[in-house]
Amino acid sequence: MNYSKKSTSKKKATLKSKRIRMGKKLGVVFFKTMLVLVICLGVAGVCAGVGVIRGVMESAPDITSASVIPRGYKSVVYDAEGNKIAELIAEGTNRTYVKIENIPEHVQEAFIAIEDERFYEHNGIDLQGIIRAGVTWVTSGFKTTQGASTITQQLLKNNVFDFMSEDTMLDKIERKLQEQYLAIKLEEIMTKDEILESYLNTINLGQNTLGVQAAANRYFGKSVSELTISEAAVLAAITKSPTEYNPITHPEANWERRALVLKNMYEQGYITESEYNEALADDVYSRIKETNEETTTTSTVYSYFVDAVIDQVEQDLVEKAGYTEEQASNALYSSGLKIYTTQDPDIQAILDDEFADEDNFPSGSKVALEWALTVVEEDGTTTNYSQEMLYAYFKESNSSYEPLYDSEEEAQAAIDEYVATLGIKDSDTVYESCYMVIQPQASMVIMDQSTGDVVAMIGGRGEKTANKTLNRATDSLRNPGSTFKIVAAYAPAFEELGYGPGTTQYDGPFAYTENGTTGRLVSNWDTSTQYRGWTTLREAITRSMNIMAVKTITDVTPTVAIDYLLKFGFTSLQLEGSNNDYGQATALGGLTNGVSNLELTAAYAAVANGGEYIKPRLYTKVVDNDGNVILDNEAETTQVISEQNAWLLIDCMKDVITGTGGTSSTANVSGMTVAGKSGTTSENRDVWFVGMSPYYTAGIWTGYDNNGYKHELSSSNGETSYHKKLWAKIMTRIHLGLENTDFEMPDGIVQCTICSKSGKLAVAGLCDCDGRDGIVINEYFVEGTEPTETCDVHVAVNICADTGLLATEACPNQVIQVKVLLPAMQEGVAEATTLDTAYGISADLVSATCTVHTGGVYLPSIYEQSGAVAVTVTATEDTGDVSAGETEDGGGDTADAEDTGG
């Protein structure tokens, strides 16, 4: 029994043991199975992770050394002497690239010490730095983060990954992995110095500066090569946060980080203890403040000249270099162009100085408004108000209201009164644009006629408060008045018809047909002076006689005149439509659109340049950021008139200033030969003077910006003449120290003695015997156009002493007198007295014969005098018809009864 019990107990123990062993075996199997499963899952996870990482790496951007070169550079504009006169800066482009060899070592070391102390040791990523940053993050309870990005990584972030958004944590992880991957790749293809150079030219250093060169100039007014250790530490302190550590807006924060930069430089062995202490004690922020005050008080508004340069370069990039308009604009403001202009800094300074002197302008100036207002209500409703609406408000109560004010205070009061009527609520958002512009305005352009270079320009008087505002030198189209007589009438006639200073026209009442309108009577500008009768074109130019110019353009035809104006470079002529410029009024500057000061001055410069037009140049070349010339602005020339005719025109225009009866004596320049022409439009809306010396051509305009103003320039306070004095004052200063030489007479000019009434060879004893002095003159001609015939306007006749008419046989008292033949008036045009009337006799000999002593059929003869035309007058007793013809041996022209313009 007992044995049996023991046996049973043994079996139980054995069974238990077997169960235990079986459990262990099952546990081992399970563990092994789970282990295998975990390992498999781990391997799969690693493979998946590797696959993900590989995918991230493969999607990283391609990288080359060119990939990390900073993009976006400001363009710089230089004057003719290489001085910087403007920087064209768009957001993100205020950068000036500088080579590493021009960046002092202590500047390089300042950035390395604070941003990447193991820069020269790592291969693009700093594992030690990553571990340090991770430990700090964990030990701070995941609150404190430290940067671990190397300079190489920062360079990639700024120049390669600048397009990537990081909206999610996955985005950030992906970008960081790619950044680290590419940092290693970049270090394989670039040297440390190349990486550091790109970095120091890339970093944002606040105040819209990119790179150490732009920052050195902005904060210290010097080149990066001149920075001290203390100043270098200031810049290196900015990199962590250009806003928070800005030394201008947050000098205390920058000071603290600058101290850390200097501490790191000392501890890392870049500077000595004495250098550290000296830099730490440096009062650098007072210098920054001083430089900032100078920078902010210096106007960043471009000059009128620079505005015009921008326009011309942008246009040429499109037309000559094949850019689109968008590409041209981007190139100008963000590709680091170097634009070399034609501006002479000394001449521009003189022009700016004289236009800034209010004593050069008439008293009683007015103020005009450029105003607009936008009101946005809480619900988003937007209402716009314009200056025209403001004007209309005041005209309701005052029909003669004109938007010109005696002062800025008066102008502001008008704005306030109108705005008060608009019902603007406190909850409304208001946007207002308001510029107060002094009136009358003015502009001036000065060119070197030998090159076509615009050496100076100003597009208005008063402070220029914004870029690309109205440039009255290039953008305003105004009627040129009598200045156009030279280029629209006389230059074409000299060239096409052989006219010259000695050619004569009859200054008397004259009407012309234009655009279907007949009988348009021309009057001279000086209505107080009677018509001058037979007049040379020299005198017509000197006295600015309208009728003479209109007759001349009629002779050469307006069509030919327009052809010449196009050759002279005018681009605003109206060539199509019923209201085109193909008419006689063009001779007087009566144009549909008007012309710009720049184009008018360039046309006169062509005359001053021997008749050769050179398209006005504001720049000579444009160079890209790599030094390649992308625009070479070579002179574009056209020979419009011969140099002989150009010289004759200049010789006539000299008399405008110094000759008897000249309209512009106040434009005379002491110690320098000058020539020019004035111009005034209807109701004194515009007044001009364009003139030249042997060195420069200059055009000045003045008038009110709004041609619709009833207010006109007043002669009583000098508004119609001050511009000539200002022109002379500026030209006098420009020519100081220059030799006073005359305009060189070209070959092919001859001089003849002529009668100023006929323009033909003078006859002694005839042309000098009509009772007046100065009728016989010496005049210049282009060789081959000089007169070969003798005067046919002066005649010697038997005059009835009682009536002053041609004597008949019955006239008891007869005398021989020299008379001037007067042409008959146009049909429908009233006869008028001229300076020749008292000395003349009608070419219609019937009306010129004595009507008192009518007995007999004897016809008086017109005596031939020393080569003069001998004219025989015949008549019949019953009809009284009279005809004029040559004598048998006369050899002269017939006296025409109609005014054919000479």
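1. Two strands are taken to pair if DSSP finds at least two bridges between them; helices (H or I, at least four residues) and strands (E, at least two) are DSSP runs, numbered from the N terminus. On that basis, strand 19 (residues 686-692) and strand 20 (residues 697-703) are an antiparallel pair with seven bridges. Within the pair, Asp 686 is placed opposite Gly 703 of strand 20.

2. The model is predicted: local features need pLDDT of at least 70, side-chain atom pairs count only at pLDDT 80 or more, and totals for chains, interfaces and linings use all residues. Residues are numbered from 1 along each chain as its sequence is written, and side-chain values use heavy atoms, with hydrogens and water left out.

3. Strands 19 and 20 belong to an open sheet of five strands, ordered 9-8-20-19-18 and antiparallel in its pairing. Strand 9 (453-458) and strand 18 (675-680) are at the edges with a single partner strand each, so one side of each has no neighbour in the sheet. From one strand to the next the twist averages 10°, where angles run from 0 to 180 degrees between N-to-C directions and axes are lines fitted to C-alpha atoms, for helices over the stretch in contact.

4. Two helices accompany this sheet. Helix 21 (residues 597-608) packs on the sheet and touches strand 8 (441-448), strand 9, strand 18, strand 19 and strand 20, contact being heavy atoms within 4.5 Å. The direction of helix 21 makes about 150° with that of strand 20. Helix 22 (residues 643-658) lies across strand 18 and strand 19, at about 65° to strand 18.

5. Another open sheet of five strands follows the order 2-1-3-15-16, and its pairing is mixed. Its edges are strand 2 (84-88) and strand 16 (629-632); each has a single partner strand, so one side of each is left without a neighbour in the sheet. The twist here averages 15° from one strand to the next. Strand 3 (residues 338-341) and strand 15 (residues 619-623) run antiparallel and are joined by four bridges, with Val 622 in strand 15 as the bridge partner of Ile 339. Helix 13 (residues 325-334) lies across strand 1 (75-78), strand 2 and strand 3, and runs at about 75° to strand 1.

6. Strand 24 (residues 814-822) takes part in two pairings of opposite sense. With strand 23 (residues 794-800) the pairing is antiparallel over seven bridges, and Cys 800 stands opposite Gln 814. With strand 25 (residues 840-842) the pairing is parallel over three bridges, and Val 820 stands opposite Gly 840.

7. As regards helix packing, the axes of helix 14 (residues 345-356) and helix 23 (residues 722-734) come within 10 Å and cross at roughly 145°. The contact brings Ile 347, Ile 350, Leu 351, Asp 353, Glu 354 and Phe 355 of helix 14 against Leu 726, Lys 729, Ile 730, Arg 733 and Ile 734 of helix 23. By class, this contact has seven nonpolar, no polar and four charged residues (Ala, Val, Leu, Ile, Met, Phe, Trp, Tyr, Cys and Pro count as nonpolar, Asp, Glu, Lys and Arg as charged, and the others, Gly among them, as polar).
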